[in-house]
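Grab your favourite viewer and work through these short exercises. Each one sets a task and then walks through a solution.

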2 protein chains.
Amino acid sequence: MERIRATYRIAAPQAQIRARAEALAAEQSVEMPVAAIGDERVLRETVATVESIRPGAGGFDVTLGLAPATTGAEASQLANMLFGNCSLQPEVELIGVEFPAGYEQAFPGPRFGLEGIREATGVRGRALTCTALKPQGSTIGHLAKLARTFALAGIDVIKDDHGIADQAPHPFAERVPAVQAAIDAANRESGGRTLYAPTFSGASAALAAQAKIAREHGVRMALVAPMLVGLPAFVELRAALDVPVMAHPAFAGAVRIAAPVMLGTLFRMLGADATIFPNHGGRFSFSRENCLAIAHNARAPWNGVKPMLPVPAGGMTVERVAEMLSDYGPDTMLLIGGGLLSAKERLPERSREFVRAVRGTA
Amino acid sequence: MERIRATYRIAAPQAQIRARAEALAAEQSVEMPVAAIGDERVLRETVATVESIRPGAGGFDVTLGLAPATTGAEASQLANMLFGNCSLQPEVELIGVEFPAGYEQAFPGPRFGLEGIREATGVRGRALTCTALKPQGSTIGHLAKLARTFALAGIDVIKDDHGIADQAPHPFAERVPAVQAAIDAANRESGGRTLYAPTFSGASAALAAQAKIAREHGVRMALVAPMLVGLPAFVELRAALDVPVMAHPAFAGAVRIAAPVMLGTLFRMLGADATIFPNHGGRFSFSRENCLAIAHNARAPWNGVKPMLPVPAGGMTVERVAEMLSDYGPDTMLLIGGGLLSAKERLPERSREFVRAVRGTA
């Protein structure tokens, strides 16, 4: 099999870049002086190769060829080979990765993807709407009431705030049945098909218990931060759930692994059906170009890997709906959380304005 | 309970720092405009407080008071509250954290710690020695032979290279019994007590299978990269193992959390018995001050939490042993990997030189 082509931006002067690139190739594969390796097969098949060195912004873009076998077709070891030790080298950023055809088959990929989420929500021919239950610390009654308001307004997906996990004010086992019941009741009244995506968190035993509760109560979507639970745990949880999984970028530290790689390519290959990212111009400083690249990596054709639904978020408002639809097109889900809640007693109207703006019936 | 005091370095101009600090307090707790929260209890008990703002290098050091209840006493949610969303804000770094007394009891802490590793190795009154089996891709026979050489030289702990996981050239189930048997045989011949610490990787099912194999074959230590398997999985694995666990820093630099916090305080509270970190002047650019701060956080008195063994590494050589001992004192384990393997056919002598240098019998 061909090599995985991983591109790193390295801040180093021209005179040193060749040596720096070769040191990185050793660091990210054999982690020892290559001159001390006697085994010809290891030299040929295991040591990473320097494929190219090109001038880039603030340094050089170095593409390494990583041997797929070194990653063991497993998420923690893939992360290790892509960015394990060099995560500790501040002059190195991972800015791109291309997998050889067929490599993606070692990982699950989205089970439902963009189309599966359309199917679950019944939404065709337009972008989807999403909002969040906030703040953590609220009573379960308050969260359920919020969920009812959002569902009656016709919002397609209601997720937990990513800070609402399994804490004392709203344990998963009590909150999730209550919120799902509130949404079910609203759906019956309105004829809608709003989904609830609760936050999954913790270690494998907790995740398995949460999956069981969610199944028993008819939950039809899940929210998980892959970097918080760990990439291998994310893959494992995805296998245990038979509903679409939305990835949250918390802890994904998108500075030294470029966001299009982490939130786009990697989360998709590991099995996310939707990916939330901080849209430009909100509370985060992501550039528009960066955001469009995330959406591209989420949806671009990739052998048999299903497209993933991009979910721009992070301080968005109803006023920006038209601009976001123009940026991302209809195969997108717009997430507005605090921007709706700010309306306080006007929350029902504000939620309906959001829905109408996205449906183009404003 | 008092607040968790988390200190962030924020690059922002003086005129904006108060507003920026308050925005961070909202981001890392309720993640919505505080003005839109109607519940007095949430405002009082859940919203993070701005405890202080002080000028710092390149900006301001802002200390937030995070409510312990928001972390749910669980590793993924603790990471979320400390650095979830702000990991996506490049102007924010987490540079310090202090937990209120008693908070640490929610987490396991080191089961064996520094003293437990002394007990397992029988090493008293001096620093310990550690080396690594490399490179990945080698035959199991080669790795076992290397292990025998190191054990006969009297090295205290032999770990897998962190890149040696569960890949085809050396599956865990075949490699670990073979290497442990080679070390057992060498120990019998020499009367030594060398430990083997194989790499644990993958999702929970894989980790549980590896723990079983390790137990069955008398493995007496484990190597795990907490950020690769995920922090909650690390806590879970530690509970499943009845041997000391050495934490590896791979992937831990991907988020902007200061190394003394991540590799020192957090890994210790989550249960690491030893922590590997890149020493200054090697292949990584960590400063001496940063390295000493990691060692400090590993060993400093902390209520009932056992001290953790600091393991400086990352391009060290036998020539630097005296300097490292002077920096870190005897409650330390020195790790030299590639620096021994570079000796090639002189590997046995070089390994003995390392052992003698640390024992002070050189």
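Is E216(A) exposed or buried? E216(A) is exposed, since its relative accessible area is 53%, and the cut-offs are under 20% for buried, over 50% for exposed and partly exposed in between, with a 1.4 Å probe and protein chains only.

Before going on, some ground rules. This is a predicted model, where local features need pLDDT of at least 70 and side-chain atom pairs count only at pLDDT 80 or more, while totals for chains, interfaces and linings use all residues. Residues are numbered from 1 along each chain as its sequence is written, chains are lettered from A and ligands numbered from 1 in the order in which they are written, and side-chain values use heavy atoms, leaving out hydrogens and water.

**Exercise 1. Find the partner of E216(A) and place the pair.**

Step 1: K212(A) and E216(A) meet through their side chains in a salt bridge, 3.0 Å from N to O. The rule wants a side-chain nitrogen of Lys or Arg within 4 Å of a carboxyl oxygen of Asp or Glu.

Step 2: Both sit in helix α7 (residues 204-216) of chain A, 4 residues apart, or about one turn of the helix. Helices here are DSSP runs of H or I with at least four residues, strands are runs of E with at least two, and both are numbered from the N terminus.

Step 3: An α-helix has 3.6 residues a turn, so residues three or four places apart point the same way.

Step 4: K212(A) has a relative accessible area of 48%, so it is partly exposed.

**Exercise 2. Compare that with R41(A) and E45(A), then with a pair in chain B.**

Step 1: R41(A) and E45(A) form a salt bridge with closest N and O atoms 3.9 Å apart. Both belong to helix α2 (residues 40-45) of chain A, again 4 residues apart.

Step 2: R41(A) counts as partly exposed at 27%, and E45(A) counts as partly exposed at 40%.

Step 3: Over in chain B, E189(B) and R148(B) have a salt bridge at 2.9 Å, N to O. This pair links distant parts of the chain, with E189(B) in helix α6 (residues 172-190) and R148(B) in helix α5 (residues 140-153), 41 residues apart.

**Exercise 3. Work out which side of α14(A) is buried.**

Step 1: Check the length. The 13 residues of helix α14 (residues 347-359) of chain A should span 18 Å at 1.5 Å a residue (1.5 Å times one less than the number of residues), and the end C-alpha atoms are 18 Å apart, so the two agree.

Step 2: L347(A), R350(A), S351(A), F354(A), V355(A) and V358(A) are buried. They cover an arc of only 140° around the axis (taken from the directions from the axis to the C-beta atoms), so they lie on the same side of α14(A).

Step 3: Their packing partners in chain A are β5 (128-133), α5 (140-152), α12 (321-328), β13 (333-335) and α13 (338-341), where contact means heavy atoms within 4.5 Å.

**Exercise 4. Describe how chain A meets chain B.**

Step 1: Each side is counted by residues: 73 from chain A and 73 from chain B.

Step 2: About 5700 Å² is buried between them, 58% of it from carbon and sulfur atoms. That is the accessible area (1.4 Å probe) that two parts lose on being put together, summed over both.

Step 3: There are 6 salt bridges between the chains. One joins E27(B) to R283(A), with closest N and O atoms 2.6 Å apart.
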